[in-house]
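Student: Got a minute to go through a structure with me? Put it up and I'll ask as we go.
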Amino acid sequence: MSLVGATPISRSMLGGEAPEVAPLLLGKILASSVGGERVVGRIIEVEAYTEADPASHTFRGPTDRNRVMFGPPGHLYVYLSYGIHRCVNVVTGTEGSGQAVLIRALELLDGVETARRRRARPDRELADGPGKLCKALAIGAEHDGIDALARSSDVMLLDDGVPPPRRPVTGPRIGISKGVDTPWRFRVSGPS
DNA sequence: AAAGAGATGGTCT
DNA sequence: GACCATCTCTTTT
């Protein structure tokens with residue numbers, strides 16, 4: 001598989017509701033060039049969050065923190081989790097609608113050496129969690145709101161032609177206390 | 001192998 | 001003052 005020729009995904013792909021868009025992001029590529037070091041991974045696990053969803057940061061309407069989620073699709077919503085970790089989302093839906101897809105795990109394709117240095121963990125733990133992958137790709141608060149479909153961005157969403165899984169594994173989202181009934185976690189088949 | 005607990009700070013009530 | 005869209009280390013089976 002070659003990453004040469006991979007192009008930003010189409011913005012129209014992100015215009016639907018997060019639970020519909022989320023499985024379409026499986027197989028797409030998240031590429032970082034932060035600090036001049038390239039780290040690239042294929043998206044293998046995601047979760048959807050919508051405005052009508054009690055687990056979502058947007059459930060109680062727009063605030064200073066979540067305003068990016070109400071903005072245009074394709075931009076990144078980066079937030080601080082548990083006071084320690086950064087997590088990255090791709091905004092979906094029409095402008096004003098307050099929804100996004102959380103990127104939960106990557107299969108690294110390039111820049112593994114850099115990821116090892118940033119993470120200092122066994123290879124299988126370099127990007128197998130939302131906070132872990134942000135550290136591997138050096139995604140931080142400064143990337144909140146950037147357009148992941150713009151060629152000038154340090155963090156980009158790419159498509160190399162690999163189709164999403166025909167039948168992704170679905171299940172409840174992780175680490176939430178409300179909205180546990182909605183099966184809005186999606187993963188390519190493989191180790192959980 | 002599994003379970004438990006502490007870290008740590010922004011956001012919202 | 002409570003609550004986290006998590007991770008890592010320590011303790012226990």
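Student: Which atoms of DNA strand C lie within 4 Å of the protein, sugar or phosphate, or bases?
Tutor: Of those atoms, 67% belong to sugar or phosphate and the rest to bases. Ground rules: this is a predicted model, where local features need pLDDT of at least 70, side-chain atom pairs count only at pLDDT 80 or more, and totals for chains, interfaces and linings use all residues. Residues are numbered from 1 along each chain as its sequence is written, chains are lettered from A and ligands numbered from 1 in the order in which they are written, and side-chain values use heavy atoms, with hydrogens and water left out.

Student: Which residues come nearest to DNA strand C?
Tutor: Tyr79, His85, Asn89, Arg119 and Gly131, of the 21 residues around the strand. Near means a heavy atom within 4 Å.

Student: What does Asn89 pair with?
Tutor: A polar side-chain atom of Asn89 lies 2.6 Å from a base nitrogen of DNA strand C.

Student: And Gly131?
Tutor: A polar backbone atom of Gly131 is 2.6 Å from a phosphate oxygen of DNA strand C.

Student: Which element gives the largest share of the surface near DNA strand C?
Tutor: H3, with three residues. Helix H3 spans 130-136. Helices here are DSSP runs (H or I, at least four residues), numbered from the N terminus.

Student: New topic: helix H1. How many of its residues are buried?
Tutor: Six of the eight in 18-25. Buried means under 20% relative accessible area (1.4 Å probe, protein chains only). Among them are Val21 and Leu25.

Student: What follows H1?
Tutor: Gly27, with a positive phi near 95°.

Definitions and conventions: Polar contact = N/O pair within 3.5 Å; in protein donor to acceptor, adjacent residues only side chain to side chain. Helix = DSSP H or I, 4+ residues; strand = E, 2+ residues; numbered from the N terminus. Buried < 20%, exposed > 50% of the residue type's maximum accessible area, 1.4 Å probe, protein only.
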